[in-house]
Amino acid sequence: MNENLRQFAMFYHGLDFNVTHVIPQKQKNPQGDIEYTLKKPSHDIQNLVSNKQRLQELLSFNWENASGVGAVMGYRGLRSIDIDGCADKKFVFEFIKAIGLPSNYELIVNTGSGNGYQIIIYAAELTYEIP
């Protein structure tokens, strides 16, 4: 079991985030000549957008084969600002300052590739629909 990822997931769940686990899945492009790894939740997360996750559900995930932890956006107005292709932390701190977040804002996550950031915010007044 990937105990570290399960512990991170339990920490996020304790912050009242709905949590998913990421399982790498081998895929091929439509022509079948290029193989790549798709990283996505291995289960349906639709119900977690608007309903509180039970701890038993989180513990039942396939943590042994997980390669990451994800917070499900939507529940309680949770949103993520995704900055791809950025390894410059200084830029991220200038950005959060520009949008009115404090310089010591703690919900900034460096992506697994190290080439991007997620800034997690609560913005219940913003609405969106999942396609």
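## A guided tour of the predicted model

Start with the whole chain: from one end to the other, the protein reads α-β-β-α-β-β-α-β-β. That makes 3 helices and 6 strands, where helices (H or I, at least four residues) and strands (E, at least two) are DSSP runs numbered from the N terminus. You are looking at a predicted model, in which local features need pLDDT of at least 70 and side-chain atom pairs count only at pLDDT 80 or more, while totals for chains, interfaces and linings use all residues. Residues are numbered from 1 along each chain as its sequence is written, and side-chain values use heavy atoms, with hydrogens and water left out.

**The whole protein**

Zoom out first. The C-alpha atoms fill a box of roughly 45 × 40 × 30 Å along the principal axes. Switch on the surface: about 8,600 Å² is accessible, and 52% of that belongs to carbon and sulfur atoms (Shrake-Rupley method, 1.4 Å probe; for residues, only the protein chains shown count as cover). Of the 131 residues, 32% are buried, meaning under 20% relative accessible area; exposed is over 50%, and partly exposed lies in between (1.4 Å probe, protein chains only).

**The sheet**

Now select E4, E6 and E5, which in that order form an open sheet of 3 strands with antiparallel pairing. Two strands pair if DSSP finds at least two bridges between them. At the edges are E4 (78–84) and E5 (108–110), each pairing on one side only. Direction ignored, neighbouring strands here are turned by 20° against each other on average.

Add helix H3 (residues 89–98): this helix packs on the sheet and touches E4, E5 and E6, a contact being heavy atoms within 4.5 Å. The direction of H3 makes about 25° with that of E6. For such angles, axes are lines fitted to C-alpha atoms (for helices over the stretch in contact), and values run from 0 to 180 degrees between N-to-C directions.

Next, zoom in on E5 and E6 (residues 116–122), an antiparallel pair joined by 3 bridges. Show Ile-108 and you will find Ile-119 of E6 opposite.

**Two loop residues**

Most residues other than glycine have a negative phi. Which phi does Asp-16 have? Its value is near 75°, which is positive. Select Asp-16 in the loop between helix H1 (3–14) and strand E1 (19–28); this residue is partly exposed, with a relative accessible area of 23%.

Finish at Arg-76, in the loop between strand E3 (68–71) and E4. Arg-76 is not a glycine, yet has a positive phi of about 60°. At 45% relative accessibility, Arg-76 counts as partly exposed.
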